[in-house]
Amino acid sequence: MTDDAAVRSGDPWWRAGDRVPTVLLALAVAIPAVVAGAALAAKGWQPVGELAMAELRLRGFWGHPPDLGAVARIRVGDRSAAHPGPLAYWLLYPVYAAFGRGPTGLALAVGSVAAAWAAASVVLVARRAGAVVAGLLAAVLLVFLGGLGPVVLSQPWNPWMGILPFAFLVLAVWDVVADHPWSLVGVVLAGSVCVQTHFSYVPVTAAMGLLAVGAVVVHGVRTRGWRPAAAPVAVAAGVGLLAWAPVIVQQLFGDPGNLSLLWEGWNDRDLPPAGLATAIRVVARHLDPFGSWATGDPVLTQRGVPWGTVGLAAALAALAVLAWRRRDRAPWGSLLRLMLTLAVGVVAAVAGISRTTGTVYDYLVAWVLALTALCLLALAWGAWLLVEDRVRALVPRTALGAVAAIAVVGLCAWTTARVADPPVPEPDRSATVDALAPEVERALDPGDRYLLRWTDPVFYGSAGFGLLLRLERDGYDVGVDPAFRVEAMPSRVAAADDVDGVLWLVTGDAIERWRRRDDVEEVAHFDPRTDAEARSADDGHDDLVAHLTELGGPELASRLATNHWDILGDSRVDEATKQEVIRLARSGLPTAVFLGPPGTADLPAEPAP
């Protein structure tokens, strides 16, 4: 049988002549992600906020390797829960360590891991459906990567790190359904990454896993041949055990066990679930082939009927009928199994999102866009099967290959250009940490231990976590309060009576109050604004304080020094005033660091004059 005949029949293949196009296609989808990571690394960025928390987990190797995922929105009393596990950080660590255990290595690791998942998807499809279908997948993935954008491909934010593993998961499940049980190993690995990275993947990943296991069982029952699946099932179980070992250990010996905390918090939430209607609307918006999967535009703020989704659904339904009628012909049967897998994924997505509590943000369900990309792959594959014989009769193989190569190279160049200039995350806070750290370090004794605290009215300690990371990277022993055990990891918790000094990072209005204290020393100060911007902000600030005092008295105005979000959620504050509060925060706030003795605490905010 010739290579072309093998591909058209849908038989597995891996002949020498097929490896070259497969490798080139895998490289094509890998290049944009690597470039995005390298471009951010070249900008000399300083992680802050949740990105600093991600690097703090990586810095735990090997003395305190991470056993918690990223911090979650779920809280039980005063305790924060984490997402189920740290597997994504374990996968990032080799590249992170190879490039210096710093921001450069972090960005390169994110890009490299994303590239690996995309390339693995192409290789899997090439092995099972041939170079043409792999080329179609590469084209779809390149458009998809451009739609995701450089931020997703270069920053270690947990909602994004599961998107490409999820795309691979769906394809691996399809391969298991096609009676290739070794792909069950990929299902377990990719599914574990998705679930551990973000709790929102649990329903759809569970459905995908059940479909894969069910396929193995059905094939075994039909053929009474369990032996071919024994080794893959055993290896998959071993991979699953390794992937979940840190989570299990933390649950058994952690205080508290994170899985118990997640379960308790999930079942004790005051907010109602989103509901079926909302879930259908969310999924329909994300499935629009003319929408966010390719453009990166926000989805959930759109209104009206998503006619692109309606058209996609109609086209897929017609293709499914045609594939069912021709299912005995190998390529059509394989396509039908892919469509079945995607259908299960879409239904599971609706079911899972319907149980989401609180606001359903775009970032929580961005993984649905991977289903959109794969639905379009199925549609393109079906179109190719309809015209394949005619095209091959009219166009020589070399010419067809040349056209395909030019198209993929062009798409790769276009996508790479789209993602080649990633923004520095939270640039004001990044610049603040870069400016403060050298000044702070001049005031510290490398042999002492310090407790870092902060008062941050806007950014929830974003610069605080960045400064913690920077000081640790520079060799200083700095810890945080127990309230931040999940964000910074338990190994960094410091008791207030077991340190040599306390650092307070203070942002905005509270700085002047701290400067009047005689028990602390100001050791660093930075204002990201120009002199003109600072004067303009000060003038607007005084007017804002006066207006807030009129609306709610000095107590309301004093929240400018403690929590801007309290003002934005106050029913007494009109929309125009809220916009002024937002403008003040966006203009950039000055930040100072004060050093005091053990036990140094914040003082109640003073009422505005």
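Helices (H or I, at least four residues) and strands (E, at least two) are DSSP runs, numbered from the N terminus. The structure studied in these exercises is a predicted model.

**Backbone angles**

Task: Find where Met489 is placed, and decide from its relative accessible area whether the residue is buried or exposed.

Solution. Begin with the backbone, where Met489 has a positive phi of about 80°, although the residue is not a glycine. Next, place Met489 among the elements: the residue belongs to the loop between α21 and β5, and β5 spans 501-507. Finally, take the relative accessible area of Met489, which is 5%; since buried means under 20%, Met489 is buried.

Task: Treat Arg101 in the same steps, from phi to its place and its accessibility.

Solution. Arg101 is not a glycine either, yet its phi is positive, at about 55°. The residue sits in the loop between α4 and α5. With a relative accessible area of 24%, Arg101 counts as partly exposed, because that class lies between the limits of 20% and 50%.

**Cis peptide bonds**

Task: Which residue is joined to Trp62 by a cis peptide bond, and what is omega there?

Solution. The partner is Phe61, and omega for the bond from Phe61 to Trp62 is near -5°. To place the bond, note that Phe61 lies in the loop between α3 and β1, and that Trp62 is found in the loop between α3 and β1 (71-76) as well. Phe61 is buried, with a relative accessibility of 6%. As a last step, look along the chain to Ala97, which is 36 residues away from Phe61, and note that the C-alpha atoms of the two are separated by 9.4 Å.

Task: Describe the peptide bond that joins Asp255 and Pro256, and locate Pro256.

Solution. This bond is cis, with omega about 5°. Pro256 belongs to the loop between α11, which covers 227-253, and α12, which covers 258-266.

**Salt bridges**

Task: How many salt bridges does a search of the whole structure find, and which parts does the pair of Arg473 and Glu55 tie together?

Solution. The search of the whole structure finds 16 salt bridges. In one of them the side chains of Arg473 and Glu55 meet, at 3.2 Å from N to O. Arg473 lies in helix α20 (residues 462-473) and Glu55 in helix α3 (residues 49-58), so the pair ties together parts that are 418 residues apart in sequence. For the accessibility step, Arg473 is partly exposed at 22%, whereas Glu55, at 0%, is buried. As background, side chains of opposite charge can pair when their charged atoms come close.

Task: Work through the salt bridge between Asp481 and Arg453, giving the distance, the elements and the burial of both partners.

Solution. The closest N and O atoms of Asp481 and Arg453 are 2.8 Å apart. Asp481 is in the loop between β4 (477-479) and α21 (485-488), while Arg453 is in strand β3 (residues 449-455), so this pair links parts that are 28 residues apart in sequence. Both Asp481 and Arg453 are buried. Elsewhere, salt bridges that share partners join Arg59, Glu472 and Arg492 into one network.

Task: Classify the two partners Arg429 and Glu426 by their relative accessibility.

Solution. The side chains of Arg429 and Glu426 form a salt bridge, at 3.1 Å from N to O. Arg429 has 17% relative accessibility and is therefore buried, whereas Glu426, with 28%, is partly exposed.

**Cavities and surface**

Task: What is the volume of the largest cavity, and which element gives the largest share of its lining?

Solution. The count comes to 6 cavities of 30 Å³ or more, and the largest cavity has a volume of about 160 Å³. Its lining is made of 16 residues, among which Val113, Ala114, Trp160, Met161 and Pro165 lie nearest the centre. Two or more lining residues are given by each of α4 (87-98), α5 (103-129), α6 (131-154), α7 (158-161) and α8 (163-177). The largest share, 4 residues, comes from α5. By class, the lining has 16 nonpolar residues and no polar or charged ones.

Task: Name the residues that form the nonpolar surface patch with Ile31, and classify Ile31 by accessibility.

Solution. Val20, Val23, Leu24 and Leu27 form the patch together with Ile31, with about 440 Å² of accessible area together. Ile31 is found in helix α2 (residues 16-42), and at 37% relative accessibility Ile31 counts as partly exposed.

Terms used. Residues numbered from 1 in each chain as written. Predicted model: local features only at pLDDT ≥ 70, side-chain atom pairs only at ≥ 80, totals over all residues. Heavy atoms only, no water. 1 Å grid on protein atoms, 1.4 Å probe; cavity = no way out; pocket = protein on both sides within 12 Å on 5 of 7 lines; lining within 4 Å. Points joined across faces, edges and corners; volume = space filled by probe spheres on them. Nonpolar A, V, L, I, M, F, W, Y, C, P; charged D, E, K, R; others polar. Patch = residues over 30% accessible without salt bridge, like charges linked within 9 Å, V, L, I, M, F, W, Y side chains within 5 Å. Areas by Shrake-Rupley, 256 points an atom, 1.4 Å probe, with all protein chains shown as cover. Salt bridge = Lys/Arg side-chain N within 4 Å of Asp/Glu carboxyl O. Buried < 20%, exposed > 50% of the residue type's maximum accessible area, 1.4 Å probe, protein only.
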